[in-house]
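Work through the exercises below with the structure open. Try each task before you read its solution.

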Amino acid sequence: MEMERRKEELEKKRQKLAELRRAREERKQVFSTAAQKQEEKSVERSKKEQVEDLVKSLLKEKPIDHPGTPTSSKSDDAESEKGILSHHARHGSISTGYGFSPGTSVPQSPSIAAPRYIPEFSSYEAVILDIAPKELILYSKEVQTTEKSFGPLPPNEDEIRVKILKEQEEKEKARQAALEEERLRIEDEKKKMQQLKDISEDDRKKIISSNEFVEFIDHSTKIVERALNENYDYMKDYSIIKDNENDDQSGSRVKYVNSFFDDRWTKNRSVTDVNWSRRNPELCVASYNKNPIAMNEPDGVALVWNLKLLERPEFVFHSQSDVLTTMFSEFHPTLVIGGTYSGQIVLWDNRSKSLPVLKTPLSASGHTHPVYSMQMVGTQNAHNLITASTDGLICSWQLDMLVQPQETLELVHAEHSKTDEVSVTALGFPDNETAAFWVGTEEGIVYQANRYGRAGGKAGINPYDVYKGHWGPITGLHFHPSTGPYSFSDLYLTSSVDWTCKLWRAKSISKPSTSPQTITPLYSFESADDYVYDVKWSPKHPAMFASVDGTGKFSLWNLNVDTEVPIVSTQVGSQAKALNKINWDKEGRKTAIGSSDGRVHIYDIGELAHPRDDEWDIMQKTISEMTTESHSGRSK
Amino acid sequence: MSEVEVEEHFKRLTNNKYVEGVLIVNEDGQTIKSNLDPTLNKKYSDLITKLVDHATTCVKEMDETNDLSFLRVRTKKHEIMIVPDKEYLLIVIQNPEKK
């Protein structure tokens, strides 16, 4: 059926074509005859061109209606067939020539225009068929190369400008938004703050009395106070001359630094001992006896003072009994040791709280009498704490084991009057000596004693060597620290309530006496008008020592300069309170003086602290002079 | 007892001849103790709290294991010393020129 119909159609077309060709031929003849009529021809041509344009435009439209369909003539046939069918269905009366209409998009217009255009239209049909595939192929190529491979057209300057402006605008908007947000936040915060401002008095009190707050205050004020005591202004401008520059230091040779005092802890107490830290040269520890007025405060106190923290103690340590002597452990910078009136040895740790971390028990195995003196002997790896109580008991302790003493030694003297007990008030070991020591006693005699028995000698007091010279209890005993070309380590100083200090030469322990022997002092310093409470050699200067007495005088002696009077004697404190103890710092520049009114005074001796190179030689001479003098004095 | 102690510490600071102001605030900037007049106090508590916040984050961001422990701000006229803690801030304004 179809085939037949198609054939019919083709037949019709052929007929038409033949007809058209004929018509053309006729027209050509007409044209050739009228060739000379140029104008007419041009009009004709322009008409032709018009038609051609129309056809072209129609052809151009075609690809747009069927994009992406590469059409060969065959498929075009199929297309056209479809088109024809559809047209037949809709406009049965339309001539088949119209069936070549390129698409279905313009079905209406030909019904009106067809009769007029048919001749022209058909004359270009061949052209259409020729051109169409080419154009279609081009078109399909175009499709493949659209957008993706080329991207959008490069923007021109105006576009860029617009874009930038847009971006800026957006940024500005964002900024405004952020600002607004910030403003809101601040306002919010302010509101919050205002709400917070209404912190009630009760809450405030609660906070203030809370433990954390107290701890915070304690800690933070300490830091700030230390920073405040930093006397140097690190922003100082040396190009600015200040006229109020006071130069008060040049006058006196001993400079007062500070007095440590604390209303709560040192009022109504006396300083019983002072000592410096070896590890931290700015720290010193002072021990105090009890405060008779404050009954619920602990009896004994030891305070660690810091030269950089002038108005409060760095650490406060408590003890149940008066602390009579105290020191930093030489080998453990955080530990502080105290000897108490009850005989207990206590150990504090600044990493812990105020109470002792360790203490010896109150039992017969340890001290049961007041401990006035102690010393650490030995080295980093093997050291002992030697303590002496007034009943003559010497104990040696291991710091981490204070349950019981490692060794005990009772000092007795058979020829003692009334009781054979030797009441020890002061104790001293020569430099680098750990076994033999010297003790000052209540009756004013100094004895030598051994910790261990040796060939030719028992442990305990050496009964034959009697250092006699003082007429009252001995308050201090100190061996020469002796670090120089000459060794003066056999020299020691004592102070006594008989208003004097005395210089002694210790008998060599390698040749103990076999018969009773009285040894007299090398020299006696008698410038004091009161009890002399303590005496200490300078750790750096071989001929220098310092003493303190009951009138509140601090005296600095230099044996190379003068042996009769101190080179400096200065009244400590405003009230002439008795001074109990003195100690040098490691460098021999500063002294800490413990006063009976509970103050610890710090003095800087400045340039005096540095020995000249020849001081050791001169000291050697001075001592030999003293030795001959004392011998001749005795022989008189 | 503890309140007495706090008072003592506070007094000691305020009595220091270089110190021009002492101020203790909590983390929100609320004043707990101060010897400044209210307007100045508010200024300091608000602004310093912010400064400390910034400093703390700054230190933390540089090293997570680190923490701000003391802040000194030296200005032409003063030095502001700040001790930050978990909950509180101690702010001390001193005049080092007097030294």
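How many helices and strands are there in chain B?

The model is predicted. Chain B has 2 helices and 5 strands.

**Exercise 1. Write down the order of helices and strands in chain B, then find its buried share.**

Step 1. Follow the sequence of chain B from start to end. The pattern reads α-β-β-α-β-β-β.

Step 2. Turn to burial. Chain B has 99 residues, and 47% of them are buried.

**Exercise 2. Locate the patch of positive charge on the surface and say which helices supply it.**

Step 1. Name the members. The patch gathers R21(A), R24(A), R27(A), K28(A), R45(A) and K48(A).

Step 2. Assign them to helices. Helix 1 (2-33) and helix 2 (38-65) of chain A each give at least two residues to the positive patch.

Step 3. Find the main contributor. Helix 1 of chain A gives the most, with 4 residues.

Step 4. Take one member from the other helix. R45(A) sits in helix 2 of chain A. Its relative accessibility is 48%, so R45(A) counts as partly exposed. The reason is the cut-off: exposed means over 50%, and buried means under 20%.

**Exercise 3. Decide whether strand 3 of chain A is enclosed or open, and name its partners.**

Step 1. Check burial. Strand 3 covers residues 283-288 of chain A, and 6 of its 6 residues are buried. The strand is therefore largely enclosed by the rest of the structure.

Step 2. Check each face of strand 3 of chain A. One side carries L283(A), V285(A) and S287(A). The other carries C284(A), A286(A) and Y288(A). Both faces are covered.

Step 3. Find one partner. Strand 2 (residues 271-276) of chain A pairs with strand 3 of chain A in the antiparallel sense, over 5 bridges. In this pairing, V271(A) stands opposite Y288(A). Strands 2 and 3 of chain A form a hairpin, with 6 residues between them.

Step 4. Find another partner. Strand 4 (residues 300-306) of chain A runs antiparallel to strand 3 of chain A, and 6 bridges join the two. Here A286(A) has L303(A) as its bridge partner.

**Exercise 4. List the residues of the negative patch on the surface, then place E87(B).**

Step 1. Name the members. E212(A), E215(A), E27(B), D28(B), D85(B) and E87(B) gather in this patch of negative charge.

Step 2. Place E87(B). It lies in the loop between strand 4 (79-84) and strand 5 (88-94) of chain B.

Step 3. Judge its exposure. E87(B) has a relative accessible area of 34%, so this residue is partly exposed.

**Exercise 5. Describe the backbone, place and exposure of N432(A) and A576(A).**

Step 1. Look at phi. N432(A) is not a glycine, yet its phi is positive, at about 65°. A576(A) is not a glycine either, and its phi is positive at about 55°.

Step 2. Find their loops. N432(A) belongs to the loop between strand 14 (424-428) and strand 15 (436-441) of chain A. A576(A) belongs to the loop between strand 26 (568-571) and strand 27 (579-584) of chain A.

Step 3. Class their exposure. N432(A) has a relative accessible area of 76%, so N432(A) is exposed. A576(A) has 40%, so A576(A) is partly exposed.

Technical notes:
Residues are numbered from 1 along each chain as its sequence is written. Chains are lettered from A and ligands numbered from 1 in the order in which they are written. This is a predicted model: local features need pLDDT of at least 70, side-chain atom pairs count only at pLDDT 80 or more; totals for chains, interfaces and linings use all residues. Side-chain values use heavy atoms; hydrogens and water are left out. Patches are made of residues with over 30% relative accessible area and no salt bridge: like charges are joined within 9 Å, nonpolar side chains (Val, Leu, Ile, Met, Phe, Trp, Tyr) within 5 Å. Accessible areas come from the Shrake-Rupley method with a 1.4 Å probe; for residues, only the protein chains shown count as cover. A salt bridge is a side-chain nitrogen of Lys or Arg within 4 Å of a carboxyl oxygen of Asp or Glu. Lys and Arg count as positive and Asp and Glu as negative; His and the chain ends are not counted. The place of a charge is taken as NZ of Lys, CZ of Arg, CG of Asp or CD of Glu. Buried means under 20% relative accessible area, exposed over 50%, partly exposed in between (1.4 Å probe, protein chains only). Two strands pair if DSSP finds at least two bridges between them.
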